[in-house]
Amino acid sequence: METLRLPAPAPAPLLEVPFERYAVEKPEPPGEFRLRDYWRVVHAQRRTIAVCGSLALGAALLFNYVAVPVYRSTATLQIDREQPNTARLEDSLVQPLEQPDYIETQYKILKSRTLARGVMEKLGLAERPEYRRRGLRAALDPPRLGGELNPAVVSRFLDAVTVTPGKGTRLVEVAIDSVSQEVAARTANTLAEIYIEQNLAAKWDSTQRASAWLTQQLAELKARLERSESDLLTYAMRHSIIFV
């Protein structure tokens, strides 16, 4: 039996069609996002927005309920130019008119530990929990250590003191923050009073030192004059000089 071998069919010719004859699908330009689209998004997420808003409102109300209100009382002081020392009159010739160093020094004194301790001792503020608290779960700081005020308590009191210089003036505002409105007012007034008393005491001490210096100089001049008169009298007696 013979096997017939048929020739393989020839491949069909490829049709070459120009690409330009077929339309190309182009992406549509994005449309404008209108207010109605925003409303649809908000409306679709209305439950999530309502839950988040309720949680935020509840947290704010809880914070206002739990937080302790803080009161601020302000005292205004006038810082005058320092007068030249009587014992050093030459300082008045070279002393600047504004004395910025002196004014800056007064600002530092208002925030000094010495002044703070004086106010706390006078009003008994070291016993108040707002200046002794170290933390929510920690015990209160002791008001005193070794007979002196606890430095941590004094530092916490100084944190509640704010000194604000007036621009272009010699006035300075001293503000006191406290959880008690009455304590804030009394502390501000007491701090101003003690500051003024310390300034007056410092000026009085300066005046006393100047007076002591002048008294010493006067005594030395008197002793010199007496020695000069004695020397002159001795010279006149040696040379038989008669003073008329």
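These are my notebook entries on a predicted protein model.

**Ground rules.** I took local features only where pLDDT is at least 70 and side-chain atom pairs only at pLDDT 80 or more, while totals for chains, interfaces and linings use all residues. Residues are numbered from 1 along each chain as its sequence is written, and side-chain values use heavy atoms, with hydrogens and water left out.

**Overview.** I began with the secondary structure and found eight helices and five strands. Both come from DSSP runs, numbered from the N terminus: H or I of at least four residues for helices, E of at least two for strands. Along the sequence I read the order α-α-β-α-α-α-α-β-β-α-β-β-α.

Next I looked up burial. Of the 244 residues, 20% count as buried; buried means under 20% relative accessible area, exposed over 50%, and partly exposed in between (1.4 Å probe, protein chains only). The protein exposes about 20,100 Å², and carbon and sulfur atoms supply 59% of that area. The areas come from the Shrake-Rupley method with a 1.4 Å probe, and for residues only the protein chains shown count as cover.

I also checked contacts, meaning heavy atoms within 4.5 Å. Among those between residues at least 6 apart in sequence, 64% join residues at least 24 apart.

**Strand β5.** Then I turned to β5, residues 171–178, where six of the eight residues are buried. Which strands does β5 pair with? On one hand, β1 (residues 71–78) is joined to β5 by eight bridges, antiparallel; on the other, β4 (residues 161–165) is joined to β5 by five bridges, also antiparallel. Pairing here requires at least two DSSP bridges between two strands.

I noted Val 174 of β5 twice: Ala 75 stands opposite Val 174, and so does Val 163. Val 161 has Ile 176 as its bridge partner in β5. The β4–β5 connection is a hairpin with five residues between the strands, and Gly 168 in the turn has a positive phi of about 75°.

**The aromatic pair.** I found one aromatic pair in the structure. Tyr 131 and Phe 157 meet edge-to-face, 5.5 Å centre to centre with 80° between the planes. For the record, rings of Phe, Tyr and Trp (its six-membered ring) pair if their centres lie within 6.5 Å; planes under 30 degrees apart are stacked, over 60 edge-to-face, and the rest tilted. Tyr 131 sits in helix α6 and Phe 157 in helix α7 (residues 151–159), so the pair ties together parts 26 residues apart in sequence. Both rings belong to buried residues: Tyr 131 has 2% relative accessibility and Phe 157 has 0%.

**Arg 132.** I stayed in helix α6 (residues 129–132) for Arg 132. What is the nearest side chain of opposite charge to Arg 132? That is Glu 127, 4.0 Å away, yet buried Arg 132 has no salt bridge. A salt bridge needs a side-chain nitrogen of Lys or Arg within 4 Å of a carboxyl oxygen of Asp or Glu. For charge, Lys and Arg are positive, Asp and Glu negative, and His and the chain ends are not counted.

Leaving out residues up to four places away in sequence, I listed what Arg 132 touches, including Leu 140, Asp 141, Val 153 and Arg 156.

**Asp 141.** I followed Asp 141 into the loop between α6 and β2 (144–145). Asp 141 is buried, at 5% relative accessible area. The C-alpha atoms of Asp 141 and Pro 129 are 8.6 Å apart, with the residues twelve apart along the chain.
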